[in-house]
Amino acid sequence: MTASQLLAFVVISASCVLKSSSLDTFIAAVYEHAVILPSAPLHPVAREEALALMSQNLDLLEGAIASAAKQGAHIIVTPEDGIYGWNFSRESIYPYLEDIPDPRVNWIPCNNPNRFGQTPVQERLSCLAKNNSIYIVANIGDKKPCNDSDPCCPPDGRYQYNTDVVFDSQGKLVARYHKQNLFMSEEQFNVPKEPEVVTFDTTFGRFGIFTCFDILFQDPAITLVKDFHVDTILFPTAWMNVLPHLSAIEFHSAWAMGMGVNFLASNLHNPSMNMTGSGIYAPDSPREFTYDMMTKEGKLLLSQLDAHPCHAAGVNWNSYASGIEAPSTGNQEFKGTVFFDEFTFLELTGVTGNYTVCQKDLCCHLSYKMVEKRSDEVYALGAFDGLHTVEGRYYLQICTLLKCKTTDLHTCGDSVATASTKFEMFSLSGTFGTQYVFPEVLLSEIQLAAGEVQVSRDGRLFSLKPLSGPILTVTLFGRLYEKDSMLNASSGSTEQAPRVSS
C-alpha cells in the first residue's frame, strides 16, 4: 500500500468512525420541578443555610436525573431558579452563588472539586452527570469579582449572573451561559457586557442554550439558529403563563416550529404563581408536554427526537395574504386589549366565513368553518402591529383567532382557558414584515394540537383535519427585532403590567 493509499484509507476509516459514533436520534428529558423556596428570600442568610436549601432541591433533581437515565435519556434539562428559587435582592442571592469557570479550562468538578475554590453545587451536578452517564442542564448563579480598574464594576465589587451550566456524561463542564435579557424583577443579577452565544457539539447533534425571557429577543436566541445552526435548544425557564398568546407550552412549541429546531423547555412547577408548562418539542409537532395547575408535584417528561431535524424550506410569511384584497368593513371593527396591547378585531358572525382585518401595515386573513355556531360563545379575528413596552420592549405583528371571555365584545383578548366551539377547518395568514413568525394553536383546557396543523410555504397556518378539541386561539406571533428601539410614542401598549415571566 502506497503512502497516498494509506492516507486515503485513514481518512475514509476516520470518516466511518465518526459516522458510526454519531446518533440519528436521541432521548431527551425535561423535568418540571416544584422548587423548595427560601422562607424569606430578601433576608441574607449564611452560606451554610443557603447550601442546605440547595441540597434539598438537588435531592429532588437527583431523583429525576436518575429516573431519566434509567429510561435511556441522553440529556436532561432542569428549570431556571430550580436550585434556590427567586425574588432575591442583590445581597441576599450572594450566599447561593459560586464562581463558575469558562468551560475551556477542561474541568470535571466531580474529580477535582476544589480547583476553583469551594464549588459544592457544581461538584454535585458533575457527579450526578458522571454517575448516571447523562448530560445535565442546570441553572445556578455565577459570581465574578471586579475592581476600580473596570469602569463598569458594580459598587459591591462583583458581577452576578443568572447562569446556565451543562455537564456532559463524564461530568465535565461543557457550557456556561450568562442570561442576556433579564426580566424586570431580576435586579440581583447583571447583564453580561456582550451577548453570549453558547453552543456545544455531541454525538447526537449541536446544542444551543438560552434562558426564559431571552426567547423574545434576537440575541442570543435567533442568532443560535440562524448563524450557528444548532439542532436543539436547551431552555431552562421560570415562566408565568399569560393567555391568550404567552402560555408556556403554546409559545415554546410555536418557537420550535417557527425556527425549525428541537426545543427542550423545563419550567418550574408552582401553580399558585401560574407556573407550569414544560415540553419536548420537535419542529413538526410537540412530542411530550405537561400543563398541570392541579397537583403540587414535579413531573418528568421523556421523548425521542431526531438528532438533526430536517429544516423545512423557508416560509414567505407575506405571500398568500398579500394577494387577498382587504374588504371594507365599515363600523364592524372594534378595539380590544390583549396583554396591554390594543388590537383591531372583527367578530366572526357565521358558522363559516372569510374575514380580513388590518392594523397599520399588517392585514390578517382567516378562512374557517365551525362545527356549529354557538350562541354562548364569541370568536374574533384580531390584528396588532406595534411596540409592546410593558415588561419589556419588543415590536410585534400578530394575527389571531381567539375566543372572547364572554359574549361581550369588550372581553375579547381577556384570559380564558376553556371553550366549547369546535372547528372543522381554519386557515390563518398575514402580510407580515418579518421572517420570524411563530405559529400557535391552543385548545381548550390549555392543550396543544399535536400533529393537527401545518404551515405552508406561502405563509398559511392551517388545520390538517377537524381539530380534536375546541379552539382557544390560533395565532401567528411575529417579531420585528429591528423595530425594538422605536420610541415609546409609537407603542400600542396602554398601561403597566405585573410580573409575567422571567
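This report describes the overall dimensions, the two sheets and the nonpolar cores of a predicted model.

Residues are numbered from 1 along each chain as its sequence is written, and because the model is predicted, local features need pLDDT of at least 70 and side-chain atom pairs count only at pLDDT 80 or more, while totals for chains, interfaces and linings use all residues. Side-chain values use heavy atoms, with hydrogens and water left out.

**Overall dimensions**

The protein chain has 7 helices and 24 strands, taken as DSSP runs (H or I over at least four residues for helices, E over at least two for strands) and numbered from the N terminus. Its radius of gyration is 24 Å, which agrees with the value near 23 Å for a compact globule of 502 residues; the radius is taken over C-alpha atoms, and the globule rule is 2.2 Å times the number of residues to the power 0.38. Buried residues (under 20% relative accessible area, with a 1.4 Å probe and protein chains only) make up 57% of the 502 residues.

**Two open sheets**

Strands are counted as paired if DSSP finds at least two bridges between them.

| Sheet | Strand order | Pairing |
|---|---|---|
| Open sheet of 7 strands | 13-14-17-18-24-20-21 | antiparallel |
| Open sheet of 6 strands | 5-4-3-2-1-12 | mixed |

In the sheet of 6 strands, strand 5 (173-178) and strand 12 (299-306) stand at the edges with a single partner strand each, so one side of each is left without a neighbour in the sheet. Strand 4 (residues 158-167) runs antiparallel to strand 5 and is joined to it by 5 bridges, with Leu173 in strand 5 as the bridge partner of Phe167.

In the sheet of 7 strands, the edge strands are strand 13 (334-338) and strand 21 (447-448). Strand 14 (residues 341-347) pairs with strand 17 (residues 379-388) in the antiparallel sense over 4 bridges, and the bridge partner of Phe345 in strand 17 is Gly382.

**Nonpolar cores**

A nonpolar core is a set of buried Ala, Val, Leu, Ile, Met, Phe, Trp, Tyr and Cys residues joined through side-chain atoms within 4.5 Å. The largest such core has 106 residues, among which Ile75 and Trp255 touch the most other members, and helix 6 gives the most to this core, with 7 residues. A second, separate core of 34 residues includes Ala50, Leu61, Leu125 and Ala129.

Not counting residues up to four places away in sequence, Trp255 touches several residues, including Phe210, Ile222, Phe263 and Phe438, where contact means heavy atoms within 4.5 Å.

Terms used: Buried < 20%, exposed > 50% of the residue type's maximum accessible area, 1.4 Å probe, protein only.
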